[in-house]
Amino acid sequence: MNYRFTIALIYDFDGTLAPGNMQEYDFIPAVGKSNKEFWSEANSLAEEQDADMVLTYMARMIQEAKSKGLSLRREAFRESGRHVTLFAGVKEWFARINAYGEERGIRILHYINSSGLTEIIEGTEIAHEFRKIYACSFLYDVDGIAYWPAVAVNYTNKTQFIFKINKGVESVFDSKLVNRYIPEDERPVPFKHMIYVGDGTTDIPCMRLVKNFGGHSIAVYNPTQKSARKELGTLIHDNRVNHVCPADYSEGSEMDRVVKTIIDKIDLDDKLEKLGVDR
């Protein structure tokens, strides 16, 4: 099919597509810790050493797994991903939104931009839906055992992946092409064709960036936590996001209606722009 243009839907993972943190479904219970214990220890280590909290949680994962004799192979992390529970409607979401775009001649591409683990996300039942998963990952030795962080994604360096999507650079390693000047109208996914979906403070730089460059940002919250909507409402007041929705991706949900309406708006804006060019 010949698409008129591409829209990128970019998602955080923890708290956005799945409740809680992905390590809490299988990994943390397996090392015999409570969620509070594990995160408290990782964050205390960061504070004591004045370190990045993402790097310290990754270090704690390796330390805890070694101390309990758990596998540090990539497949073991992927197995953890098979235990992750998704928010309502997530599994069916991608095909429905893709079809909605295709009916209008628009290609929809989905991306993950997360401080969670790539390896765990790869084990989830929706991993195949994403064009690229930008997230933390480990280096593996010759025996396939994780021993050091390969990529650490915190709330500020998340923004680099927005620029990679914008310029069509899928490699994390590449730093040349992403810094090369490309006129905005020649980039594979202009910012105005981006929709960023996140659940809170760690996503604010990305949500603000996409919004400020003409795209759309949506803050989502766990539908069981009603007070969260009011808390996230400050992001709209502070001009950081366009919309706040429950993390319910079912057909006909608020999220479903908002994203489809944004796609319609991007579609109409593109048609209006071309009318102006054709005159």
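**Exercise 1. Decide whether S137 is buried or exposed, and place this residue among its surroundings.**

Solution. With a relative accessibility of 14%, S137 counts as buried, because buried means under 20% relative accessible area, exposed over 50%, and partly exposed in between (1.4 Å probe, protein chains only). The next step is to locate S137, which is found in strand 3, residues 132-140; helices (H or I, at least four residues) and strands (E, at least two) are DSSP runs, numbered from the N terminus. Finally, leaving out residues up to four places away in sequence, S137 touches M58, L117, T118, E119, P149, A150 and V151, where contact means heavy atoms within 4.5 Å.

This is a predicted model, in which local features need pLDDT of at least 70, side-chain atom pairs count only at pLDDT 80 or more, and totals for chains, interfaces and linings use all residues. Residues are numbered from 1 along each chain as its sequence is written, and side-chain values use heavy atoms, with hydrogens and water left out.

**Exercise 2. State whether W148 is buried or exposed, and find which surface patch includes W148.**

Solution. W148 belongs to strand 4, residues 146-151, and its relative accessible area of 55% makes W148 exposed. Together with L139 and Y147, W148 makes a nonpolar surface patch of about 340 Å². Such patches consist of residues with over 30% relative accessible area and no salt bridge, and nonpolar side chains (Val, Leu, Ile, Met, Phe, Trp, Tyr) are joined within 5 Å. A salt bridge is a side-chain nitrogen of Lys or Arg within 4 Å of a carboxyl oxygen of Asp or Glu, and accessible areas come from the Shrake-Rupley method with a 1.4 Å probe.

**Exercise 3. Name the residues with the most contacts inside the largest nonpolar core, and follow Y249 outwards from there.**

Solution. The largest nonpolar core has 83 residues, and those with the most contacts inside it are F13, F77, L117, I218 and Y249. A nonpolar core is a set of buried Ala, Val, Leu, Ile, Met, Phe, Trp, Tyr and Cys residues joined through side-chain atoms within 4.5 Å. Setting aside neighbours within four places in sequence, the contacts of Y249 include F87, W93, R96, V220 and M255.

**Exercise 4. List the buried residues of helix 8, and say what phi G214 takes.**

Solution. In helix 8, residues 204-212, the buried residues are I204, C206, M207, L209, V210 and K211. Just after helix 8, G214 takes a positive phi of about 100°.

Notes: Patch = residues over 30% accessible without salt bridge, like charges linked within 9 Å, V, L, I, M, F, W, Y side chains within 5 Å.
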